[in-house]
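Here is a friendly walk through one model, meant to be read with the viewer open. Let us begin once the picture is up.

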Amino acid sequence: MLHKKMLGALNEQINKEMYSAYLYMAMSSHSANMGLKGFANWFMVQYHEEMYHAMKLYEYVQRQGEEVVLDTLQAPPTDFESPLDMFKQTLTHERYITSSINELMELAISKKDHATQIFLEWYVTEQVEEEENDNDIIAQLKLIGDNPHALLMLDRELAQRAATVPTDFSKGVESAASA
Ligand SMILES: [Fe+2]
Ligand SMILES: [Fe+2]
């Protein structure tokens, strides 16, 4: 059983992860329109990751016998100056998600909710990886500067990224994730 405040905060986190998916979907479309299909691929893979983050929370709330309450999704921005700008916005957003996860963890600790603490540990680790990925690509984009040849080389590299999370949620995500 979840504390009422904990349940509300977990439901809010579902919305935040869904918004993340929406944001990266917008960046994927913008990248494709710029002719950067590798960047478009990277952001679409990230979209899948975010949907997975949302689904893991969804499943956890359900397994606790509680109701998932979905809220309105905010529209993502449409203005992106450059690939570097997109990754800077991505990092800023992921730092916000990290602080949100930390707040969830602090709430779980204050409510002596051990199950939710253990559940959230996965997200704490995942956020380190997310910020690291964004920092790596930002560093590369800064080195690239205004060099279109180098940008296309990075685009080709980002085209190689493939989804490592399950993308079919019909049977749930828990069994797939622990495999
Ligand atoms: Fe996420
Ligand atoms: Fe990730």
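## Contacts and the first helix

Contact here means heavy atoms within 4.5 Å. With that cut-off, and leaving aside neighbours within four places in sequence, His30 is in contact with Thr78, Phe80 and Met86. Please keep in mind that this is a predicted model.

His30 is found in helix H1. One of its contacts, Thr78, is 48 residues away in sequence, while the C-alpha atoms of His30 and Thr78 are 7.9 Å apart in space.

## The iron site

Which residues coordinate the iron ion (ligand 1)? The donors come from Glu17 (OE), Glu50 (OE) and His53 (ND1), at 2.1 to 2.2 Å. Along the chain these donors follow the spacing E-x32-E-x2-H. The pair Glu17 and Glu50 links distant parts of the chain, with Glu17 in helix H1 and Glu50 in helix H2 (residues 37-63), 33 residues apart.

Are these two glutamates, Glu17 and Glu50, buried or exposed? Glu17 counts as buried because its relative accessibility is 0%, and Glu50 is buried too, with a relative accessible area of 0%.

## Around Glu17 and Ser20

Glu17 is a residue to look at for its charge. Although buried, Glu17 has no salt bridge, and the nearest side chain of opposite charge, Lys16, is 8.8 Å away. A salt bridge needs a side-chain nitrogen of Lys or Arg within 4 Å of a carboxyl oxygen of Asp or Glu. Not counting residues up to four places away in sequence, Glu17 touches Glu50, His53, Ala54, Leu57, Ile97, Ile101 and Tyr123. That list includes Glu50 and His53, which also coordinate the iron ion (ligand 1).

Ser20 lies in helix H1 as well. Ser20 counts as buried because its relative accessibility is 0%. Leaving aside its neighbours within four places in sequence, Ser20 is in contact with Glu50, His93 and Ile97. Glu50 and Ile97 are also among the residues that Glu17 touches.

## The salt bridge

How many salt bridges does a search of the whole structure find? The search finds 1. Side chains of opposite charge can pair when their charged atoms come close. Here Glu49 pairs with Arg161, and their closest N and O atoms are 3.2 Å apart.

Glu49 lies in helix H2 and Arg161 in the loop between helix H5 (148-158) and helix H6 (174-178), so the pair ties together parts that are 112 residues apart in sequence. Both Glu49 and Arg161 are buried.

## A nonpolar patch on the surface

Turning to the outside, Tyr22, Met25 and Met44 form a nonpolar patch with about 240 Å² of accessible area together. Tyr22 is found in helix H1, and Met25 lies in helix H1 (residues 4-34). Why can Tyr22 and Met25 be called partly exposed? Being partly exposed means a relative accessible area between 20% and 50%. Tyr22 counts as partly exposed because its relative accessibility is 36%, and Met25 is partly exposed with a relative accessible area of 36%.

Tyr22 also has neighbours from elsewhere in the sequence. Leaving aside residues within four places, Tyr22 is in contact with Leu73, Gln74 and Pro76. As for Asp85, the C-alpha atoms of Tyr22 and Asp85 are 17 Å apart in space, with their positions 63 residues apart in sequence.

## Lys112 and Ile144

What sets the backbone of Lys112 apart as a residue that is not a glycine? Lys112 has a positive phi of about 50 degrees. This residue lies in the loop between helix H3 (83-110) and helix H4 (114-144). Lys112 is exposed, with a relative accessible area of 66%.

Ile144 is found in helix H4. Unlike Lys112, which is exposed, Ile144 counts as buried because its relative accessibility is 13%. Not counting residues up to four places away in sequence, Ile144 touches Ala150, Leu151 and Leu154. Asp168 is another matter: Ile144 and Asp168 are 24 residues apart in sequence and 36 Å apart in space, C-alpha to C-alpha.

Notes:
Residues are numbered from 1 along each chain as its sequence is written. Chains are lettered from A and ligands numbered from 1 in the order in which they are written. This is a predicted model: local features need pLDDT of at least 70, side-chain atom pairs count only at pLDDT 80 or more; totals for chains, interfaces and linings use all residues. Side-chain values use heavy atoms; hydrogens and water are left out. Patches are made of residues with over 30% relative accessible area and no salt bridge: like charges are joined within 9 Å, nonpolar side chains (Val, Leu, Ile, Met, Phe, Trp, Tyr) within 5 Å. Accessible areas come from the Shrake-Rupley method with a 1.4 Å probe; for residues, only the protein chains shown count as cover. Helices (H or I, at least four residues) and strands (E, at least two) are DSSP runs, numbered from the N terminus. Buried means under 20% relative accessible area, exposed over 50%, partly exposed in between (1.4 Å probe, protein chains only). Donors are N, O and S atoms within 2.8 Å of the metal (3.2 Å for Na, K and Ca); water is not among the atoms, so sites may look incomplete. Lys and Arg count as positive and Asp and Glu as negative; His and the chain ends are not counted.
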